[in-house]
Amino acid sequence: MRRWCEKSGNLQSAPCALRGPVHAKCGIIWGVRTILHVDLDAFFASAELTRHPEWRGRPVIVGSPPDGRGVVSTCSYEARRYGVRSAMPSRTAWRLCPHAVFTRPDIAFYREISRKAFGVFARHSPFVEAVSVDEAFLDITGTIHLYGGAEKLGEALREKVLRECGVTCSVGIARNRLLAKIGSELAKPDGLFTMPSDPAEIARFLAPKPVGILWGVGRKTAGILAKYGIATCRDLQNAPARQLETILGKAAASSLKNHALGISSDRVARDEDGEKSVSREHTFVCDETDRENVRSTLLELAADVGRSVRKEARWAATARIKLRDADFETVSRQTSLPAPSRDDRSFRDAALALFDGLWPESGKGLAVRLVGFGVSNFKASPGAEPSLFRDEEDAERERREKLSEAIDLLKGKGLNVGTGTAIAHRPNSTVAGTGESTSILPPSILT
Ligand code: DCP
Ligand code: MG
C-alpha cells in the first residue's frame, strides 16, 4: 500500500523497510492525508451580487471609478470574458467593458461574508488554515468518513457556503496543499476538482502545465525561468539540478523541482504546532505599496505576538518575519534574539531589523500582499548566556518585561495604550493568526 509521509508529503511507493506508524530511521510519521483548498469565486463581486441581485448576469467590476487613477480589485466572471482582471487600471477596464457596473469596494461588508464562510469551513474540519480573506486549507483527513468521501465533503461545504453566504466557491482536493490549491484553480468557477493521487500520474498531469501554476512561482520567477527555456512543469521536472541551482539557489531549486512533480512538504497548520511557535499574519485586501504602512502593521503584529507569549512562562530565542508580494512570492527571514525574551522591545527591534533587510528604505516599487511576524525556539527561562554584564542585562530585561506586562494589563481593561492603530480599523486588511492559534480561525481571521 502506498502511504504519504506526514512530514515531507512524499508518497512512498514501496513500503517503508521499517514498518509501523513511525519511520524508525528519521522519526517520520506515516499516514494518508487529504487536504481541501477552498477559494471563493470573484469574491468582492459575488458579495456585491448578494445585495444587488439586479446585477446578476451583467459584468460587475469592483474597484476605483473608471474616471480616476485607481485599479480593479476584482470583477465577475462575465467581466473577465472581456479581459478585465484584478489590478488592472479601472480606466482600461472601462475601455474593455464600458457597459459593466462599476462599484467601489466595501471591505466591512466583505469581511462579514468572509467571517460566515470561515464559520462553514470550521464545521468541516478542526484544522483550518486561513490563507487570505477568501481562501483556506482544510485538513479533512479525520472528517471525511462523516460525509462518506472527500468529494461528498467538498460538495457539502460548497453547498453550505452558497446557502449561508450567498456566494459560490471552488474546491480542490489532493494529498498536499500545493496540489489542492492547483485543484481549486482548475475547478474555477463554482466547481470541485480532485487531483490524481498516484505520483506518476501527478507528474504526468502537471507536466504540460505552465510553471506559473505552481504556488510561489509568480511573474518574476516565471520570467527568470523562461530566459533559460523553462516554461512548463515538464521543463522543470527534466531540468538538471545544477542548472536550477545556478538560476534559483540551492534551496529554491530543490523545492521547485519537487513541486513540479507534485511533491510538497506543506502541512495544514495544526494545534500541536502552537507549542513550537507563535505568529500572526496580516493580509492586505489590496496590494500595499506604502512601506510605512507595512512597517507599522508589522509592529502591531509583533506586539500581538508578545501579548500572546507573555500568557505563559516561556521566552523566545528566535524571531522571523514574512512578506508575500503581489505575485504571491513569499520571502521570510529569521534571526536569533540576543537572549530568550518576551518583551515588546526585543520583538520590535528584531522585527524592524529583519524588515529593513527585506525592504530597505531605498526600496521602491514593492507591493506587499501579506506581512507576518512570529517567534519560536522557546526556552523555559529568560536571559542570555553568562556574561560580565549579566546583572545589568537581567535587570534591564525584567524592566522591559514588566513594562510590557503593564501594557497588556491596561489593554485588557480596554484602555488604548501603546502605539499604532488596531489593524481591524484599517480598510485594507484582514488578519490571520497562525502558530499558537493556528488551526482556526474564523474569529482571529477577521477581527
Ligand atoms: N483582490 C484585490 N486586489 C487584487 C487581488 C484580489 O483587491 N489584486 C481582492 C478582491 C478579490 C479578493 O481579494 O475578490 C480575493 O482574491 P482572489 O485572488 O481570490 O480573486 P477573486 O476571489 O476575486 O477571484 P477568483 O474567482 O479567481 O478567486
Ligand atoms: Mg477568490
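In what order do the three strands of the open sheet run, and is the pairing mixed? Here's the picture from this predicted model.

## The sheet

The order is S6-S5-S7, and yes, the pairing in this open, three-stranded sheet is mixed. S6 and S7 (101–103) sit at the edges, each pairing on one side only. From one strand to the next, the twist averages 25°.

Zooming in on S5 (residues 60–63) and S7, we find three bridges joining the two strands, which run parallel. Val 62 is the residue that stands opposite Thr 103 in S7.

## H1 and its partners

H1 packs on this sheet and touches S5, S6 and S7, with its direction making about 115° with that of S5.

H1 also packs against helix H4 (residues 107–122), at an angle of about 90° and with the axes 10 Å apart. That's why the two helices count as roughly perpendicular. On the H1 side, the contact uses Phe 43, Phe 44 and Ala 47, while H4 brings Phe 109, Tyr 110 and Ile 113. The tally for this contact is six nonpolar residues, with no polar and no charged ones.

## Around ligand 1

Ligand 1 has 17 residues around it, and Phe 43, Phe 44, Ser 73, Thr 74 and Ser 86 come nearest. Strand S4 (35–40), helix H1 (43–51), strand S6 (72–75) and strand S12 (277–288) each give two or more residues to this shell. S12 gives the most, with three.

Sorted by class, the shell has eight nonpolar, six charged and three polar residues. Domain 2 (35–195) and domain 4 (271–445) each supply at least three residues to the shell.

How values were computed
Residues are numbered from 1 along each chain as its sequence is written. Chains are lettered from A and ligands numbered from 1 in the order in which they are written. This is a predicted model: local features need pLDDT of at least 70, side-chain atom pairs count only at pLDDT 80 or more; totals for chains, interfaces and linings use all residues. A residue is near a molecule or strand if its C-beta atom, placed from the backbone, lies within 6 Å of it. Helices (H or I, at least four residues) and strands (E, at least two) are DSSP runs, numbered from the N terminus. Ala, Val, Leu, Ile, Met, Phe, Trp, Tyr, Cys and Pro count as nonpolar, Asp, Glu, Lys and Arg as charged, and the others, Gly among them, as polar. Domain bounds come from an automatic or database domain assignment. Axes are lines fitted to C-alpha atoms, for helices over the stretch in contact, and angles run from 0 to 180 degrees between N-to-C directions. Angles under 35 degrees count as roughly parallel, over 145 as roughly antiparallel, 65 to 115 as roughly perpendicular and the rest as oblique. Two residues are in contact if their C-beta atoms, placed from the backbone, lie within 7 Å. Two strands pair if DSSP finds at least two bridges between them.
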